[in-house]
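I opened the notebook to go through this structure contact by contact. These entries record what I looked up and in what order.

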Amino acid sequence: MEQKDFIKRLVKLRVDKGVSARDMSLTLGQSPSYINNIENGISLPSMTAFTYICEYFDITPHEFFDIESSNPIKEKELINAVKGLSNEQLEHLIAIAKGLKK
């Protein structure tokens, strides 16, 4: 993943979460401009900081880099919501999901 793609992914995840760059920076224990500097290509996070960013979004590094997953946070929520459903209920949900993709 190139830096521009990393930045796009970070921005999308942050916006989807509905948080400002400043608030995210402060929550991570960084300066108010930390995330803004990353999103503007001024700096990149260390590996440790990247791990904290993933934890902030409640995703794994793999999920961060999985660009086929448009919203890994919501996908995890959906997976947790379907646990315990019957096979019939799961089949209905699968049909709905396939219909939505068309």
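**Aromatic pairs.** I searched the whole structure for paired rings, bearing in mind that it is a predicted model, and the search returned seven aromatic pairs. I looked up Phe6 and Phe64, whose rings lie 5.0 Å apart centre to centre with 45 degrees between the planes, which puts the pair in the tilted class. This pair links distant parts of the chain, since Phe6 belongs to helix α1 and Phe64 to helix α5, 58 residues apart. I then checked how far each ring is covered: Phe6 has a relative accessibility of 9% and counts as buried, and Phe64, at 0%, counts as buried as well. Phe64 also pairs with Phe65, this time edge-to-face, with 5.3 Å between the centres and 80 degrees between the planes. For Phe65 I noted a relative accessible area of 40%, and because buried means under 20% and exposed over 50%, Phe65 is partly exposed. Following the ring pairs onward, I found that they link Phe6, Phe50, Phe64 and Phe65 into a cluster.

**Lysine over a ring.** I also looked up a charge placed over an aromatic ring, and found the charged end of Lys17 over the ring of Tyr56, 4.9 Å from the ring centre.

**Nonpolar core.** Which residues of the largest nonpolar core touch the most other members? I found 18 residues in this core, and those with the most contacts to other members are Leu10, Met24, Ile35, Ile38, Ile53, Phe57 and Phe64. When I asked where the core residues come from, I found that α1 (3-17), α2 (21-27), α3 (34-39) and α4 (47-57) each supply at least two of them. The largest share, six residues, comes from α4. I set beside this the general remark that in soluble globular proteins nonpolar side chains tend to be buried together.

I took Met24 as one core residue to follow further and, leaving aside residues up to four places away in sequence, listed its contacts as Leu10, Arg14, Val19, Ile35, Ile53, Tyr56 and Phe57. Since Arg14 is on that list, I turned to it next.

**Arg14.** Is Arg14 buried or exposed? Arg14 lies in helix α1, and with a relative accessibility of 12% it counts as buried, because the cut-off for buried is under 20%. I then looked for the partners of its side chain and found a salt bridge with Glu39, in which the closest N and O atoms are 2.7 Å apart. This salt bridge links distant parts of the chain, with Arg14 in helix α1 and Glu39 in helix α3, 25 residues apart. Glu39 counts as buried too, at 15% relative accessibility. A polar atom of the Arg14 side chain also lies 2.9 Å from the backbone oxygen of Val19. Beyond residues up to four places away in sequence, I recorded Val19, Ser20, Ala21, Met24, Ile35, Glu39 and Phe57 as the residues that Arg14 touches.

**Other salt bridges.** How many salt bridges does the structure hold? I counted five, and looked up two besides the one at Arg14. The side chains of Asp5 and Lys4 meet in a salt bridge at 3.7 Å, N to O, and Asp5 counts as partly exposed at 27% relative accessibility. Glu77 forms a salt bridge with Lys74, with 3.4 Å between the closest N and O atoms. Both residues of the latter pair, Glu77 and Lys74, lie in helix α6 (residues 72-82), three residues apart, which is about one turn of the helix. Glu77 counts as partly exposed, at 47% relative accessibility.

**Two loop residues.** I closed the session with the loops. Asp58 is in the loop between α4 and α5 (61-65), and its phi is near 60 degrees, a positive value in a residue other than glycine. Asp58 is exposed, with a relative accessible area of 54%. Ser69, found in the loop between α5 and α6, counts as buried at 6% relative accessibility. What does Ser69 touch, not counting residues up to four places away in sequence? I found Arg9 and Glu75.

Notes
Residues numbered from 1 in each chain as written. Predicted model: local features only at pLDDT ≥ 70, side-chain atom pairs only at ≥ 80, totals over all residues. Heavy atoms only, no water. Core = buried A, V, L, I, M, F, W, Y, C linked by side-chain atoms within 4.5 Å. Buried < 20%, exposed > 50% of the residue type's maximum accessible area, 1.4 Å probe, protein only. Helix = DSSP H or I, 4+ residues; strand = E, 2+ residues; numbered from the N terminus. Contact = heavy atoms within 4.5 Å. Salt bridge = Lys/Arg side-chain N within 4 Å of Asp/Glu carboxyl O. Phe/Tyr/Trp six-rings, centres within 6.5 Å; stacked < 30°, edge-to-face > 60°. Lys NZ or Arg CZ within 6 Å of the ring centre and 35° of its normal. Polar contact = N/O pair within 3.5 Å; in protein donor to acceptor, adjacent residues only side chain to side chain.
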